[in-house]
Amino acid sequence: MMDYQKLLSKRITGLKPSGIRRFFDLAGEMEGVISLGVGEPDFKTPWIIRRAGIRSLEDSKTWYTANAGLQELKDEIGEYLSRRFCLEYDRKDEIVVTVGGSEAIDIAIRAFVEEGDEVLIPEPSFVCYHPITVLSGGVPVPIETKEEDEFRLTPQELQDKITKRTKLLVLPFPNNPTGAVMRREDLEAIAEVLRDTNIMVLSDEIYGELTYGGERHVSIAEIDGMQERTILVGGFSKAFAMTGWRLGYACAPKQVMAQMLKIHQYAIMCAPTTSQYAAVKALRDCEENVAQMREEYDMRRRLIVDGFNSLGLHCFEPRGAFYIFPCIKSTGLSSEEFCERLLYSQKVAVVPGNAFGESGEGYVRVSYSYSLSHIQEALKRIESFLTTLK
(Lines give C-alpha, C1' and ligand atoms only; values in the text may rest on other atoms or scores of the structure.)
Protein backbone atom coordinates (compact mmCIF):
# COMPACT_ATOMS: atom_id res chain seq x y z
CA MET A 1 0.00 0.00 0.00
CA MET A 2 1.07 3.55 -0.66
CA ASP A 3 2.44 5.49 2.31
CA TYR A 4 1.02 8.88 1.44
CA GLN A 5 2.28 10.50 4.62
CA LYS A 6 5.85 9.96 3.44
CA LEU A 7 5.06 11.22 -0.05
CA LEU A 8 2.97 14.30 0.64
CA SER A 9 4.61 17.66 1.30
CA LYS A 10 5.04 18.29 5.02
CA ARG A 11 4.24 21.94 4.40
CA ILE A 12 0.76 21.07 3.18
CA THR A 13 0.03 18.25 5.64
CA GLY A 14 1.07 20.56 8.46
CA LEU A 15 -1.51 23.19 7.56
CA LYS A 16 -4.82 23.25 9.41
CA PRO A 17 -7.98 23.27 7.26
CA SER A 18 -9.85 26.56 7.16
CA GLY A 19 -11.80 27.20 10.35
CA ILE A 20 -14.47 28.89 8.26
CA ARG A 21 -15.12 25.81 6.16
CA ARG A 22 -15.63 23.60 9.24
CA PHE A 23 -18.71 25.55 10.30
CA PHE A 24 -20.02 25.80 6.75
CA ASP A 25 -19.82 22.01 6.52
CA LEU A 26 -21.60 21.54 9.85
CA ALA A 27 -24.36 23.96 8.84
CA GLY A 28 -24.70 22.28 5.45
CA GLU A 29 -25.68 19.01 7.12
CA MET A 30 -28.58 20.61 9.03
CA GLU A 31 -32.01 21.75 7.86
CA GLY A 32 -33.45 25.15 8.71
CA VAL A 33 -30.13 26.83 9.41
CA ILE A 34 -29.87 30.61 9.18
CA SER A 35 -26.32 31.43 8.17
CA LEU A 36 -24.59 34.69 8.98
CA GLY A 37 -21.27 33.13 8.16
CA VAL A 38 -20.72 33.42 4.42
CA GLY A 39 -18.75 36.39 3.10
CA GLU A 40 -20.76 36.59 -0.09
CA PRO A 41 -23.20 39.26 -1.30
CA ASP A 42 -26.81 38.12 -1.44
CA PHE A 43 -27.40 40.46 -4.39
CA LYS A 44 -27.54 39.07 -7.89
CA THR A 45 -24.83 40.22 -10.27
CA PRO A 46 -26.40 43.29 -11.93
CA TRP A 47 -28.17 42.34 -15.14
CA ILE A 48 -26.10 44.72 -17.24
CA ILE A 49 -22.99 42.76 -16.23
CA ARG A 50 -24.58 39.36 -16.80
CA ARG A 51 -25.79 40.49 -20.22
CA ALA A 52 -22.27 41.51 -21.20
CA GLY A 53 -21.03 38.04 -20.24
CA ILE A 54 -23.82 36.37 -22.18
CA ARG A 55 -23.16 38.50 -25.24
CA SER A 56 -19.48 37.53 -25.20
CA LEU A 57 -20.53 33.88 -25.33
CA GLU A 58 -23.01 34.52 -28.13
CA ASP A 59 -20.24 36.27 -30.05
CA SER A 60 -18.01 33.20 -29.55
CA LYS A 61 -15.47 35.11 -27.51
CA THR A 62 -14.39 31.91 -25.81
CA TRP A 63 -10.66 31.85 -26.57
CA TYR A 64 -7.77 32.40 -24.19
CA THR A 65 -6.97 36.04 -23.58
CA ALA A 66 -3.44 37.38 -23.17
CA ASN A 67 -1.86 36.03 -19.99
CA ALA A 68 -2.18 39.35 -18.18
CA GLY A 69 -5.79 39.79 -19.30
CA LEU A 70 -7.78 41.63 -21.95
CA GLN A 71 -6.14 44.96 -22.67
CA GLU A 72 -9.61 46.48 -22.75
CA LEU A 73 -10.20 45.33 -19.17
CA LYS A 74 -6.76 46.46 -17.99
CA ASP A 75 -7.50 49.89 -19.47
CA GLU A 76 -10.78 50.02 -17.53
CA ILE A 77 -9.06 48.93 -14.29
CA GLY A 78 -6.50 51.68 -14.80
CA GLU A 79 -9.22 54.24 -15.49
CA TYR A 80 -11.20 53.10 -12.45
CA LEU A 81 -8.19 53.39 -10.11
CA SER A 82 -7.38 56.82 -11.50
CA ARG A 83 -10.97 58.03 -11.17
CA ARG A 84 -11.74 56.60 -7.75
CA PHE A 85 -8.41 56.52 -5.93
CA CYS A 86 -6.11 58.97 -7.79
CA LEU A 87 -3.72 56.15 -8.72
CA GLU A 88 -1.93 55.92 -12.06
CA TYR A 89 -0.59 52.60 -13.41
CA ASP A 90 0.95 51.66 -16.74
CA ARG A 91 -1.99 49.80 -18.21
CA LYS A 92 0.17 47.48 -20.27
CA ASP A 93 2.86 46.38 -17.81
CA GLU A 94 1.63 47.14 -14.27
CA ILE A 95 -1.76 45.41 -14.16
CA VAL A 96 -2.57 41.70 -14.31
CA VAL A 97 -6.05 40.16 -14.27
CA THR A 98 -6.29 37.17 -11.91
CA VAL A 99 -8.64 34.39 -10.88
CA GLY A 100 -10.17 36.29 -7.99
CA GLY A 101 -8.32 38.44 -5.52
CA SER A 102 -7.11 35.21 -3.93
CA GLU A 103 -4.82 34.39 -6.85
CA ALA A 104 -3.46 37.93 -6.81
CA ILE A 105 -2.53 37.50 -3.13
CA ASP A 106 -0.92 34.14 -3.86
CA ILE A 107 1.30 35.30 -6.71
CA ALA A 108 2.30 38.45 -4.82
CA ILE A 109 3.49 36.49 -1.79
CA ARG A 110 5.22 33.84 -3.89
CA ALA A 111 7.00 36.49 -5.96
CA PHE A 112 8.75 37.87 -2.87
CA VAL A 113 8.98 35.27 -0.14
CA GLU A 114 11.94 32.91 0.10
CA GLU A 115 12.94 30.42 2.79
CA GLY A 116 12.91 32.08 6.19
CA ASP A 117 11.59 35.47 5.05
CA GLU A 118 9.13 37.03 7.47
CA VAL A 119 5.69 38.28 6.43
CA LEU A 120 3.93 40.63 8.86
CA ILE A 121 0.19 39.88 9.07
CA PRO A 122 -2.14 42.09 11.13
CA GLU A 123 -4.70 39.83 12.81
CA PRO A 124 -7.56 39.07 13.03
CA SER A 125 -7.55 38.84 9.25
CA PHE A 126 -8.61 36.70 6.30
CA VAL A 127 -7.45 33.10 6.50
CA CYS A 128 -5.26 32.83 3.38
CA TYR A 129 -2.23 35.01 4.16
CA HIS A 130 -0.72 32.70 6.78
CA PRO A 131 -0.88 29.41 4.81
CA ILE A 132 0.31 30.97 1.54
CA THR A 133 3.31 32.36 3.40
CA VAL A 134 4.05 28.92 4.86
CA LEU A 135 3.72 27.23 1.47
CA SER A 136 6.19 29.77 0.08
CA GLY A 137 8.73 28.85 2.75
CA GLY A 138 8.21 32.06 4.69
CA VAL A 139 7.49 32.73 8.34
CA PRO A 140 4.14 34.36 9.17
CA VAL A 141 4.51 36.97 11.93
CA PRO A 142 1.11 37.94 13.38
CA ILE A 143 0.57 41.50 14.61
CA GLU A 144 -2.35 41.60 17.03
CA THR A 145 -4.73 44.48 16.41
CA LYS A 146 -6.94 45.50 19.32
CA GLU A 147 -10.54 46.55 19.72
CA GLU A 148 -9.52 49.67 21.67
CA ASP A 149 -7.70 50.76 18.49
CA GLU A 150 -10.75 49.82 16.38
CA PHE A 151 -8.67 46.90 15.08
CA ARG A 152 -6.41 49.25 13.11
CA LEU A 153 -2.69 48.61 12.72
CA THR A 154 -0.72 51.14 14.76
CA PRO A 155 2.77 52.33 13.81
CA GLN A 156 4.23 51.17 17.14
CA GLU A 157 2.83 47.64 16.72
CA LEU A 158 4.35 47.52 13.25
CA GLN A 159 7.71 48.87 14.37
CA ASP A 160 7.92 46.31 17.18
CA LYS A 161 7.64 43.38 14.74
CA ILE A 162 10.11 44.46 12.05
CA THR A 163 13.36 42.48 11.90
CA LYS A 164 16.18 42.02 9.42
CA ARG A 165 14.17 39.10 7.93
CA THR A 166 11.01 41.13 7.27
CA LYS A 167 10.22 41.05 3.55
CA LEU A 168 6.52 41.90 3.28
CA LEU A 169 3.70 43.58 5.19
CA VAL A 170 0.14 42.47 4.47
CA LEU A 171 -2.31 45.35 4.86
CA PRO A 172 -5.82 43.84 4.81
CA PHE A 173 -8.13 46.86 5.01
CA PRO A 174 -11.10 47.25 4.91
CA ASN A 175 -10.77 44.19 7.07
CA ASN A 176 -12.32 40.77 7.04
CA PRO A 177 -13.43 39.79 9.74
CA THR A 178 -13.51 42.98 11.85
CA GLY A 179 -14.82 45.58 9.40
CA ALA A 180 -11.98 47.90 10.46
CA VAL A 181 -10.65 50.56 8.10
CA MET A 182 -7.44 52.57 7.92
CA ARG A 183 -7.94 56.30 7.31
CA ARG A 184 -5.42 58.47 5.48
CA GLU A 185 -3.74 59.62 8.71
CA ASP A 186 -3.38 55.99 9.83
CA LEU A 187 -1.75 55.03 6.54
CA GLU A 188 0.58 58.02 6.62
CA ALA A 189 1.85 56.86 10.02
CA ILE A 190 2.43 53.33 8.69
CA ALA A 191 4.20 54.74 5.63
CA GLU A 192 6.54 56.71 7.88
CA VAL A 193 7.63 53.50 9.65
CA LEU A 194 8.34 51.79 6.30
CA ARG A 195 9.95 54.71 4.51
CA ASP A 196 13.62 53.84 5.15
CA THR A 197 13.19 50.06 4.97
CA ASN A 198 13.27 47.59 2.08
CA ILE A 199 9.86 46.14 2.97
CA MET A 200 7.08 45.71 0.41
CA VAL A 201 3.36 46.10 1.17
CA LEU A 202 0.63 43.74 -0.04
CA SER A 203 -2.50 45.88 0.21
CA ASP A 204 -5.62 43.72 -0.03
CA GLU A 205 -8.36 46.19 -1.00
CA ILE A 206 -11.07 43.79 -2.16
CA TYR A 207 -13.61 45.66 0.04
CA GLY A 208 -12.41 49.11 -1.03
CA GLU A 209 -15.82 50.11 -2.43
CA LEU A 210 -17.62 49.08 0.76
CA THR A 211 -16.85 51.79 3.30
CA TYR A 212 -19.39 53.75 5.33
CA GLY A 213 -19.68 57.07 7.11
CA GLY A 214 -19.05 59.40 4.19
CA GLU A 215 -15.27 58.95 3.83
CA ARG A 216 -13.99 57.15 0.75
CA HIS A 217 -11.48 54.33 0.96
CA VAL A 218 -7.84 55.44 0.76
CA SER A 219 -5.18 53.12 -0.62
CA ILE A 220 -1.72 53.16 0.96
CA ALA A 221 -0.42 53.39 -2.62
CA GLU A 222 -1.81 56.95 -2.64
CA ILE A 223 0.52 58.00 0.17
CA ASP A 224 3.66 59.81 -0.99
CA GLY A 225 6.43 57.35 -1.87
CA MET A 226 4.35 54.21 -1.27
CA GLN A 227 3.19 53.20 -4.75
CA GLU A 228 6.68 51.96 -5.62
CA ARG A 229 6.63 49.54 -2.68
CA THR A 230 2.96 48.44 -2.86
CA ILE A 231 1.19 45.55 -4.57
CA LEU A 232 -2.47 46.55 -4.72
CA VAL A 233 -5.02 43.73 -4.87
CA GLY A 234 -8.61 44.35 -5.93
CA GLY A 235 -11.45 42.49 -7.53
CA PHE A 236 -15.07 42.19 -8.52
CA SER A 237 -16.49 39.65 -6.06
CA LYS A 238 -17.66 41.92 -3.27
CA ALA A 239 -18.51 45.33 -4.72
CA PHE A 240 -20.08 44.02 -7.93
CA ALA A 241 -21.62 40.83 -6.45
CA MET A 242 -19.52 38.67 -8.81
CA THR A 243 -18.15 36.00 -6.46
CA GLY A 244 -18.75 33.09 -8.82
CA TRP A 245 -17.19 34.88 -11.77
CA ARG A 246 -13.78 34.51 -10.06
CA LEU A 247 -12.08 37.67 -11.20
CA GLY A 248 -9.60 39.98 -9.52
CA TYR A 249 -6.49 41.97 -10.33
CA ALA A 250 -3.13 43.05 -9.01
CA CYS A 251 -1.27 46.28 -9.68
CA ALA A 252 2.44 46.74 -8.98
CA PRO A 253 5.60 48.39 -10.33
CA LYS A 254 6.67 47.02 -13.71
CA GLN A 255 9.71 45.13 -12.38
CA VAL A 256 7.58 43.40 -9.75
CA MET A 257 4.68 42.62 -12.07
CA ALA A 258 7.00 40.93 -14.59
CA GLN A 259 7.84 38.32 -11.93
CA MET A 260 4.28 37.92 -10.67
CA LEU A 261 3.14 37.40 -14.25
CA LYS A 262 5.51 34.44 -14.63
CA ILE A 263 3.77 32.61 -11.78
CA HIS A 264 0.38 33.48 -13.24
CA GLN A 265 1.45 32.23 -16.71
CA TYR A 266 2.63 28.85 -15.46
CA ALA A 267 -0.09 28.22 -12.87
CA ILE A 268 -3.20 29.73 -14.48
CA MET A 269 -2.55 30.86 -18.09
CA CYS A 270 -5.28 33.51 -17.96
CA ALA A 271 -8.44 34.45 -16.09
CA PRO A 272 -11.85 33.32 -17.47
CA THR A 273 -12.59 35.11 -20.73
CA THR A 274 -16.34 35.51 -20.19
CA SER A 275 -15.76 37.03 -16.76
CA GLN A 276 -13.31 39.53 -18.22
CA TYR A 277 -15.81 40.84 -20.76
CA ALA A 278 -18.43 41.13 -18.01
CA ALA A 279 -15.97 43.01 -15.80
CA VAL A 280 -15.34 45.61 -18.52
CA LYS A 281 -19.03 46.47 -18.34
CA ALA A 282 -18.99 46.46 -14.54
CA LEU A 283 -16.26 49.08 -14.35
CA ARG A 284 -17.61 51.15 -17.20
CA ASP A 285 -21.30 51.41 -16.31
CA CYS A 286 -22.12 50.10 -12.82
CA GLU A 287 -21.08 52.72 -10.27
CA GLU A 288 -24.75 53.40 -9.54
CA ASN A 289 -25.38 49.70 -8.86
CA VAL A 290 -22.43 49.61 -6.46
CA ALA A 291 -23.72 52.71 -4.67
CA GLN A 292 -27.16 51.13 -4.24
CA MET A 293 -25.68 47.94 -2.79
CA ARG A 294 -23.42 49.95 -0.48
CA GLU A 295 -26.44 51.90 0.81
CA GLU A 296 -28.31 48.66 1.52
CA TYR A 297 -25.30 47.18 3.33
CA ASP A 298 -25.07 50.34 5.44
CA MET A 299 -28.70 49.93 6.53
CA ARG A 300 -28.04 46.30 7.49
CA ARG A 301 -24.83 47.29 9.25
CA ARG A 302 -26.59 49.72 11.54
CA LEU A 303 -29.37 47.22 12.28
CA ILE A 304 -27.07 44.35 13.19
CA VAL A 305 -24.62 46.42 15.26
CA ASP A 306 -27.51 47.86 17.28
CA GLY A 307 -28.98 44.36 17.57
CA PHE A 308 -25.87 42.76 19.02
CA ASN A 309 -25.19 45.66 21.37
CA SER A 310 -28.76 45.48 22.67
CA LEU A 311 -28.24 41.76 23.35
CA GLY A 312 -25.25 42.59 25.54
CA LEU A 313 -22.64 41.35 23.07
CA HIS A 314 -20.54 44.46 22.63
CA CYS A 315 -19.65 45.31 19.04
CA PHE A 316 -17.50 48.23 17.96
CA GLU A 317 -18.80 50.04 14.89
CA PRO A 318 -17.23 48.61 11.73
CA ARG A 319 -16.66 51.10 8.93
CA GLY A 320 -15.97 48.77 6.02
CA ALA A 321 -16.66 45.40 4.34
CA PHE A 322 -19.85 43.60 5.47
CA TYR A 323 -18.92 41.99 8.77
CA ILE A 324 -19.25 42.75 12.45
CA PHE A 325 -16.98 41.26 15.10
CA PRO A 326 -18.92 41.14 18.38
CA CYS A 327 -17.19 40.20 21.64
CA ILE A 328 -18.65 37.07 23.29
CA LYS A 329 -16.30 36.93 26.30
CA SER A 330 -19.17 37.82 28.64
CA THR A 331 -20.78 34.44 27.91
CA GLY A 332 -17.86 32.53 29.41
CA LEU A 333 -17.65 30.42 26.26
CA SER A 334 -14.77 30.11 23.86
CA SER A 335 -15.39 31.25 20.30
CA GLU A 336 -15.78 27.68 19.04
CA GLU A 337 -18.02 26.65 21.95
CA PHE A 338 -20.26 29.66 21.35
CA CYS A 339 -20.57 28.93 17.63
CA GLU A 340 -21.20 25.20 18.05
CA ARG A 341 -23.82 25.65 20.77
CA LEU A 342 -25.56 28.42 18.84
CA LEU A 343 -25.63 26.25 15.73
CA TYR A 344 -26.98 23.14 17.40
CA SER A 345 -29.48 24.86 19.71
CA GLN A 346 -30.82 27.64 17.49
CA LYS A 347 -29.58 26.72 14.01
CA VAL A 348 -27.73 29.99 13.48
CA ALA A 349 -24.29 29.78 11.88
CA VAL A 350 -21.56 32.33 12.63
CA VAL A 351 -17.78 31.88 12.48
CA PRO A 352 -15.48 31.67 15.53
CA GLY A 353 -13.06 34.56 15.76
CA ASN A 354 -10.04 32.31 16.25
CA ALA A 355 -10.46 31.12 12.65
CA PHE A 356 -8.85 34.48 11.76
CA GLY A 357 -5.88 34.19 14.11
CA GLU A 358 -5.36 33.57 17.81
CA SER A 359 -6.14 37.21 18.63
CA GLY A 360 -9.69 36.59 17.36
CA GLU A 361 -10.46 34.37 20.35
CA GLY A 362 -13.35 35.78 22.35
CA TYR A 363 -15.09 37.13 19.24
CA VAL A 364 -17.23 35.79 16.40
CA ARG A 365 -17.54 36.97 12.83
CA VAL A 366 -21.02 37.80 11.66
CA SER A 367 -21.78 38.75 8.06
CA TYR A 368 -24.56 41.16 7.20
CA SER A 369 -24.55 40.35 3.49
CA TYR A 370 -28.09 39.03 3.98
CA SER A 371 -31.63 40.42 3.82
CA LEU A 372 -33.06 42.43 6.71
CA SER A 373 -35.62 39.69 7.43
CA HIS A 374 -32.84 37.11 7.53
CA ILE A 375 -30.84 39.22 9.99
CA GLN A 376 -33.85 39.97 12.18
CA GLU A 377 -34.75 36.29 12.50
CA ALA A 378 -31.16 35.43 13.36
CA LEU A 379 -31.10 38.09 16.09
CA LYS A 380 -34.26 36.61 17.64
CA ARG A 381 -32.68 33.17 17.74
CA ILE A 382 -29.43 34.52 19.21
CA GLU A 383 -31.44 36.28 21.93
CA SER A 384 -33.12 32.96 22.77
CA PHE A 385 -29.71 31.27 22.90
CA LEU A 386 -28.30 33.89 25.25
CA THR A 387 -31.28 33.45 27.56
CA THR A 388 -30.35 29.79 28.04
CA LEU A 389 -26.86 30.81 29.21
CA LYS A 390 -28.11 32.95 32.12
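# A quick tour of one predicted chain

Pro174 sits in the loop between strand 5 and helix 9, and the peptide bond leading into it from Phe173 is cis, with omega near -5°. That's a nice place to start, but keep in mind that this is a predicted model. From here we'll look at the loop around Pro174, some backbone oddities, a few strands, a pair of helices and two more residues worth finding on screen.

**The loop between strand 5 and helix 9**

- Thr178 is another residue to find in the loop between strand 5 (166–171) and helix 9 (184–194).
- Is Thr178 buried or exposed? Its relative accessibility is 1%, and buried means under 20%, so Thr178 counts as buried.
- The side chain of Thr178 makes a polar contact with the side chain of Asn175, at 2.8 Å.
- That same Thr178 side chain also reaches the backbone nitrogen of Ala180, at 3.1 Å.
- Skip the residues up to four places away in sequence, and Thr178 still touches Pro124, Phe151, Phe316, Pro318, Tyr323 and Phe325.

**Backbone oddities**

- Some background first: most residues other than glycine have a negative phi, and most peptide bonds are trans.
- Pro124, one of the residues that Thr178 touches, follows a cis peptide bond from Glu123, with omega near 5°.
- You'll find Pro124 in the loop between strand 3 (118–123) and helix 7 (129–135).
- Ala321 has a phi near 60°, which is positive even though the residue isn't a glycine.
- Look for Ala321 in the loop between helix 12 and strand 9; at 0% relative accessibility, Ala321 counts as buried.
- Ser60 isn't a glycine either, and its phi is positive too, at about 60°.
- Ser60 belongs to the loop between helix 4 and helix 5, and with 48% relative accessibility it counts as partly exposed.

**Lys61 and a link across the chain**

- Lys61 is also in the loop between helix 4 (47–58) and helix 5 (71–85).
- With a relative accessible area of 34%, Lys61 is partly exposed.
- Which residues does Lys61 contact, leaving aside its neighbours within four places in sequence? They are Ser56, Thr273 and Tyr277.
- Lys61 and Thr274 are 213 residues apart along the chain, yet their C-alpha atoms are separated by 7.4 Å.

**Strands and how they pair**

- Here's the general idea: strands of a sheet pair through backbone hydrogen bonds, either parallel or antiparallel.
- Strand 2 (95–98) pairs with strand 8 (248–251) in the antiparallel sense, over four bridges.
- To spot part of that pairing, find Val97 in strand 2; its bridge partner in strand 8 is Tyr249.
- In a regular strand, the side chains alternate between the two faces of the sheet.
- Both faces of strand 2 are covered: Ile95 and Val97 are buried on one side, and Val96 and Thr98 are buried on the other.
- Elsewhere, three strands make an open sheet in the order 9-12-11, with antiparallel pairing.
- Strand 9 (323–324) and strand 11 (351–352) are at the edges of that sheet, each with a single partner strand, so one side of each has no neighbour in the sheet.
- Strand 11 pairs with strand 12 (364–367) in the antiparallel sense over two bridges, and the strand 12 bridge partner of Val351 is Arg365.

**Two helices side by side**

- Two packed helices are described by the angle between their axes and the distance between the axes.
- The axes of helix 12 (287–310) and helix 14 (372–389) come within 11 Å and cross at roughly 10°.
- Angles under 35 degrees count as roughly parallel, and that is why these two helices are described that way.
- On the helix 12 side, the contact involves Glu296, Met299, Arg300, Leu303, Ile304, Gly307 and Phe308; on the helix 14 side, look for Leu372, Ile375, Gln376, Leu379 and Ile382.
- Sorted by class, this contact has eight nonpolar, two polar and two charged residues.

**Leu158 in helix 8**

- Leu158 is part of helix 8 (155–161), and its relative accessibility of 0% makes it count as buried.
- What does Leu158 touch, not counting residues up to four places away in sequence? The answer is Leu120, Ile143, Leu153, Leu169, Ile190, Val193 and Leu194.
- Leu158 and Ala189 are 31 residues apart in sequence and 10 Å apart in space, C-alpha to C-alpha.

Notes. Residues are numbered from 1 along each chain as its sequence is written. This is a predicted model: local features need pLDDT of at least 70, side-chain atom pairs count only at pLDDT 80 or more; totals for chains, interfaces and linings use all residues. Side-chain values use heavy atoms; hydrogens and water are left out. Buried means under 20% relative accessible area, exposed over 50%, partly exposed in between (1.4 Å probe, protein chains only). Two strands pair if DSSP finds at least two bridges between them. Contact means heavy atoms within 4.5 Å. Axes are lines fitted to C-alpha atoms, for helices over the stretch in contact, and angles run from 0 to 180 degrees between N-to-C directions. Angles under 35 degrees count as roughly parallel, over 145 as roughly antiparallel, 65 to 115 as roughly perpendicular and the rest as oblique. Ala, Val, Leu, Ile, Met, Phe, Trp, Tyr, Cys and Pro count as nonpolar, Asp, Glu, Lys and Arg as charged, and the others, Gly among them, as polar. A polar contact is a pair of N or O atoms within 3.5 Å; within protein, one must be able to donate a hydrogen and the other to accept it, and residues adjacent in sequence count only if both atoms are side-chain atoms.
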